[in-house]
Amino acid sequence: MTLLALKEDRPTPKAVYNWRVYTCAAIASFASCMIGYDSAFIGTTLALPSFTKEFDFASYTPGALALLQSNIVSVYQAGAFFGSLFAFATSYFMGRRKSLIAFSVVFIIGAAIMLAADGQGRGIAPIIAGRVLAGIGVGGASNMVPIYISELAPPAVRGRLVGIYELGWQIGGLVGFWINYGVNTTMAPTRSQWLIPFAVQLIPAGLLFLGSFWIPESPRWLFANGKREEAMKVLCWMRNLEPTDRYIVEEVSYIDADLERYAREVGKGFWKPFLSLKQRKVQWRFFLGGMLFLWQNGSGINAINYYSPTVFKSIGITGTNTGFLTTGIFGVVKTVLTIIWLLWLVDLVGRRRMLFIGATGGSLCMWFIGAYIKIAGPGSTKAEDAKLTSGGIAAIFFFYLWTAFYTPSWNGTPWVINSEMFDQNTRSLGQASAAANNWFWNFIISRFTPQMFLKMEYGVYFFFASLMLLSIVFIYFFVPETKSIPLEAMDRLFEIKPVQNANKILMAELNLDRNPEREESLLDEKDRVTQSETAV
């Protein structure tokens with residue numbers, strides 16, 4: 001099997017894997033560049049000498065300064081929580097593409113407002129207000145992009161295409177991690193120094209806004225909203241096939257069957273997906289989606305982000321840019337490993353196995369780092385006395401080894417699973433719930449991590465290590481493998497027991513489904529499509 005070999009649910013023409021589907025996914029993923037950058041740059045920007053001088057941080061008491069910095073960071077995540085919920089309404093009434101346009105506009109307005117802040121008249125209030133709006137924009141985009149990509153993707157490369165969204169997040173984060181290192185080492189500490197990182201936010205947002213006018217609407221959304229002629233044109237363009245091609249006929253029949261079933265079982269309308277929450281199977285998938293992001297945030301990603309500069313300084317690495325440099329290297333490692341995950345692991349190794357490997361390896365690294373901090377007592381070592389010991393070198397190694405386990409597993413896989421496991425009628429609501437869960441747990445962990453370290457110290461690492469072990473048990477018993485499964489077959493996947501064998505069983509069923517009776521029904525569907533095209 002080659003590096004980029006694909007596991008297909010049915011014979012697929014090579015034309016299906018064309019530049020159009022990848023380009024649409026890449027343009028939509030400018031949203032994740034926007035999210036990744038905005039999440040990464042703010043922490044180090046608050047530490048820039050020019051920023052601290054402009055807003056007179058020296059005049060604050062330690063408690064007041066900590067509260068101010070916490071508010072600047074957390075209002076973004078709070079806005080993202082609500083933005084992810086707003087996206088359900090915009091997705092239903094406006095569609096996926098127009099929702100992306102709307103949320104990119106909200107983000108651009110928020111980013112522009114931040115640039116109005118100064119240390120005299122307006123103060124820091126524009127930054128806080130702007131980050132609320134920016135949060136709403138990224139929250140809505142974090143809901144919309146995985147749905148859009150999953151609905152236009154062929155099953156064999158769905159994980160890879162949704163993975164482009166995660167890659168965009170890492171590229172944005174990489175720029176955000178390094179930009180303050182760059183301005184701090186090459187520019188004088190003037191107002192321009194801290195304005196540049198804030199202004200750069202406008203670049204990915206502007207690219208998303210412009211690109212959204214070129215990409216087409218999701219064909220599945222068009223089918224679901226009665227725009228069949230437009231849906232056929234988009235689908236054929238995206239697949240680079242004629243309407244009468246067997247692959248198109250099959251895909252349309254799958255979509256129609258799925259829509260008919262849910263019109264019968266759930267019904268159409270804005271409130272109908274909420275009514276479907278009465279069904280245990282729907283409740284269960286919403287629960288799984290939320291838990292995936294609980295385990296993701298419980299892996300310790302934010303603890304690493306917050307505490308790594310302190311750990312590195314305590315083991316002998318000192319200097320003004322220590323935090324910027326170590327965080328920047330962290331961003332490089334994550335980006336490289338995300339590319340490996342995107343090209344190979346997500347669609348070849350699968351979702352479940354990567355989560356198992358990531359949780360097991362990441363937990364072991366957390367246990368070691370916590371034990372090192374307990375034994376070495378880095379917090380009691382003065383900076384001028386800190387030396388790089390063999391234990392410190394090992395701590396650095398396990399820090400980046402943890403990154404190697406986390407990035408190709410828990411970093412992006414929860415987004416992939418959530419983008420594909422909901423049916424057409426609950427997909428927008430399900431993704432809204434998943435995105436809201438991500439931002440909620442992100443807020444909780446990042447907001448209370450400093451207090452946890454104050455009270456628990458090294459025990460925080462043991463806490464996260466334990467959570468990663470618990471996630472292994474959860475994934476094994478409750479989350480089926482979704483790779484290569486058509487979106488229209490997800491309901492059947494979640495019905496099959498035991499969970500660990502569900503993917504193999506369903507793939508066998510899908511292959512058996514290709515029988516003479518099925519062929520006859522497909523020919524009837526092909527004739528119907530041909531007549532429809534002729535009439536048009």
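**Helix H21**

I began with H21, which has 20 residues and reaches 29 Å from its first C-alpha to its last, close to the 28 Å expected at 1.5 Å a residue. I note at the outset that the model is predicted.

I then looked up which residues of H21 are buried. Gly459, Val460, Tyr461, Phe464 and Ala465 are buried, and further along H21 I recorded Leu467, Met468, Ser471, Phe474 and Ile475 as buried too. For reading such a list I kept in mind that an α-helix has 3.6 residues a turn, so residues three or four places apart point the same way.

**Nonpolar surface patch**

Which residues make the nonpolar surface patch of about 560 Å²? I found Trp284, Phe287, Val473, Tyr476, Phe477 and Phe478. Two helices, H14 (280-297) and H21 (459-478), each supply at least two residues of this patch. H21 gives the most, with four residues. I checked Phe477 separately and placed it in helix H21.

**Salt bridges**

How many salt bridges does a search of the whole structure find? My search returned 14. I examined several of them in turn.

The side chains of Asp38 and Arg131 meet in a salt bridge at 3.7 Å, N to O. This pair links distant parts of the chain, 93 residues apart: Asp38 lies in helix H2 (residues 30-45) and Arg131 in helix H6 (residues 125-152). Are Asp38 and Arg131 buried or exposed? I recorded both as buried.

Asp118 and Arg122 form a salt bridge through their side chains, at 3.0 Å, N to O. Asp118 has a relative accessible area of 10%; buried means under 20%, so I entered Asp118 as buried.

Arg492 and Glu509 also meet side chain to side chain in a salt bridge, at 2.7 Å, N to O. The two residues are 17 apart and link distant parts of the chain, with Arg492 in helix H22 (residues 490-495) and Glu509 in helix H23 (residues 502-512). Why does Arg492 count as partly exposed? Its relative accessibility is 33%, and partly exposed lies between the 20% limit for buried and the 50% limit for exposed. Glu509, at 30% relative accessibility, counts as partly exposed as well.

Finally, I looked for linked salt bridges and noted a network that joins Arg220, Arg239 and Glu251.

Definitions and conventions:
Residues numbered from 1 in each chain as written. Predicted model: local features only at pLDDT ≥ 70, side-chain atom pairs only at ≥ 80, totals over all residues. Heavy atoms only, no water. Patch = residues over 30% accessible without salt bridge, like charges linked within 9 Å, V, L, I, M, F, W, Y side chains within 5 Å. Areas by Shrake-Rupley, 256 points an atom, 1.4 Å probe, with all protein chains shown as cover. Salt bridge = Lys/Arg side-chain N within 4 Å of Asp/Glu carboxyl O. Buried < 20%, exposed > 50% of the residue type's maximum accessible area, 1.4 Å probe, protein only. Expected span 1.5 Å × (residues − 1).
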